[in-house]
Amino acid sequence: MTTAQPPSTPRQAVSRRNLMKAGGLGLAAAPALAACGRGFGGGGDDDSGGGVTLNMVWWGDATRAEKTQAALDAFMEQNEGVKIEVEYQDSGPYQDKLATRFAAGDPPDLMAMRMDSLREYADRGALLDLNEYAEDLDLSGLSDNAATIAEVGDSIYGVPAGLNTIGFVVRKDFADQYGVPIPDGDTWGWEDLAAFAKAITDASGGEVYGTGFEAQTLANILVFTRQRGEDFFTDDDQLGVTAATVQAWFELINGMRADGGFPPAGFFENIGGSADQSYIAQGKLASQIIPTNNFLGYNEACGGTLELLRVPGETQGARRGQSIDCPHLWSVASASEHPETALKLLDFLLNDPDASLATGTTRGVPANSEVAEEIKSSLEPDDQLATDYLIALQGEDLPRSLLYPPGGSAVFDFLDALAVEVEFGRVSPADAAAQFIEQAEGAIAG
């Protein structure tokens, strides 16, 4: 693998057409900071001293909250007069609560925005066009894809909170215990995964399943789709995946389940979301797909036994499938009363090493490649490994990550429901694929 080199331009405006344009940070100094909490109330001006109060919301757990607050404390040390009300939710209720805030005319100033729903907010004018504030936000340390990942026409509506991708983790202790070699992670294919999984299950007498992951996770099928030469969504806001590819995806998993290498139907019901609660940590799986920024937590939960591999099929397919993505975007509400201050905070989170030293890789590898290199030595060894993995991928010729089109969020629901029907044998892969294409095309068109 080759490592991506940081851009050489001193500053970079937000739009693709201005990526090489120099700029400056033209914001007045701003001060003071508030505590983090749960809820989703609203922001406003600080009555205590005439300063500015920002409301910042996102999804995550207590660990992310603690690390985020540490970054905001660093911002407080550099600025006076700004109070920040930070609120967070679990990922499930976040979308509904955010929609409620906008519907009530009380949007947050700075918010986490999902790739599948950003268009729905941007298209109704709810988000700030960052191109209008090109002097306030420095994107010179970002790759072209990262800097323009939230581009719609000539506007930019968000920047990555971090960079991420998915990878395959394999328990080395199980591979050693059962005498099954781990495939070469740079060259293995889906057939190699199936063979490895079956060998583990057979050698363990069914005590450990060789692999397991959810068919309905969009990040997984996106890679598989690209490997077959298609795009799940196209750059002109259409559905690009074919019924044949969706069917092949379901059949791939069904085949591994029939061979015994993949768990039976219903296996993943009621599983917790943390690394400690995962089946690979519980010793029931030997391998699975994870977001790479979670490698540290998963490896700790598995006693340091994990090896991080690429997704299978990257050298056998019609083209590369993996891409550089982001756990979420940061967006500013167009109705914010303090957009320059919100952008000052956003620029700090993106470009100041102190911010990334505080947050670590809880939101992925810093999107600014220079910051990522600067803080890497301070990270835990597992986070360093995941960071090197992602930095190396950025130096390769990978497909571009795209926003999901309007209606794209509904696609999750369709895929989820149909994957369950296929899992329990109530619908064939072919019929499920045909239904999915019809439903997804209708949602995007409508």
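In the predicted model, Arg 310 forms a salt bridge with Asp 186, and the closest N and O atoms of the pair are 3.0 Å apart. Arg 310 is placed in the loop between strand E10 (306–309) and strand E11 (329–332), whereas Asp 186 belongs to the loop between helix H5 (172–177) and H6, so the pair ties together parts that are 124 residues apart in sequence. The two partners are not equally accessible: Arg 310 counts as buried, at 7% relative accessibility, while Asp 186, at 43%, counts as partly exposed.

This pair is one of the 15 salt bridges that the structure holds. Another brings together the side chains of Arg 320 and Glu 314, with an N to O distance of 2.8 Å, and here Glu 314 counts as buried, its relative accessibility being 7%. Through shared partners, salt bridges join Asp 186, Arg 310, Glu 314, Arg 320 and Glu 396 into one network. A further salt bridge is formed between Arg 426 and Glu 421, whose closest N and O atoms are 3.1 Å apart; at 25% relative accessibility, Glu 421 counts as partly exposed.

Helix H6 (190–203) follows the loop that carries Asp 186 and packs against helix H8, the axes of H6 and H8 coming within 9 Å and crossing at roughly 20 degrees. Because this angle is under 35 degrees, H6 is roughly parallel to H8. The crossing of the two helices is right-handed. On the H6 side the contact involves Trp 190, Leu 193, Ala 194 and Lys 198, which meet Trp 249, Leu 252, Met 256 and Asp 259 in H8. By class, the residues of this contact divide into 6 nonpolar and 2 charged, with no polar residue among them.

Helix H8 also packs against H7, in this case at an angle of about 115 degrees and with the axes 10 Å apart. The crossing of H7 and H8 is likewise right-handed. Asn 220, Ile 221, Phe 224 and Thr 225 of H7 make this contact with Thr 245, Ala 248, Trp 249 and Leu 252 of H8, and the residues concerned comprise 5 nonpolar and 3 polar ones, with no charged residue. Trp 249 and Leu 252 of H8 thus appear both in the contact with H6 and in the contact with H7.

The surroundings of H7 extend beyond H8. Of the 10 residues of this helix (residues 218–227), 9 are buried, so H7 is largely enclosed by the rest of the structure. The buried residues are Leu 218, Asn 220, Ile 221, Leu 222, Val 223, Phe 224, Thr 225, Arg 226 and Gln 227. These residues pack against strand E8 (166–171), helix H6, helix H8 (243–259), strand E9 (287–291) and helix H14 (408–423). After the helix comes Gly 229, whose phi is positive, near 85 degrees.

Burial is also found in a loop, where Asn 368 lies between helix H11 (353–359) and helix H12 (369–375). With a relative accessible area of 5%, Asn 368 is buried. When its neighbours within four places in sequence are left aside, Asn 368 is in contact with Gly 141, Leu 142, Leu 350 and Asn 351.

Key
Residues are numbered from 1 along each chain as its sequence is written. This is a predicted model: local features need pLDDT of at least 70, side-chain atom pairs count only at pLDDT 80 or more; totals for chains, interfaces and linings use all residues. Side-chain values use heavy atoms; hydrogens and water are left out. Buried means under 20% relative accessible area, exposed over 50%, partly exposed in between (1.4 Å probe, protein chains only). Helices (H or I, at least four residues) and strands (E, at least two) are DSSP runs, numbered from the N terminus. Contact means heavy atoms within 4.5 Å. Axes are lines fitted to C-alpha atoms, for helices over the stretch in contact, and angles run from 0 to 180 degrees between N-to-C directions. Angles under 35 degrees count as roughly parallel, over 145 as roughly antiparallel, 65 to 115 as roughly perpendicular and the rest as oblique. A crossing is left-handed if the near helix is turned anticlockwise from the far one by less than a right angle, and right-handed if clockwise. Ala, Val, Leu, Ile, Met, Phe, Trp, Tyr, Cys and Pro count as nonpolar, Asp, Glu, Lys and Arg as charged, and the others, Gly among them, as polar. A salt bridge is a side-chain nitrogen of Lys or Arg within 4 Å of a carboxyl oxygen of Asp or Glu.
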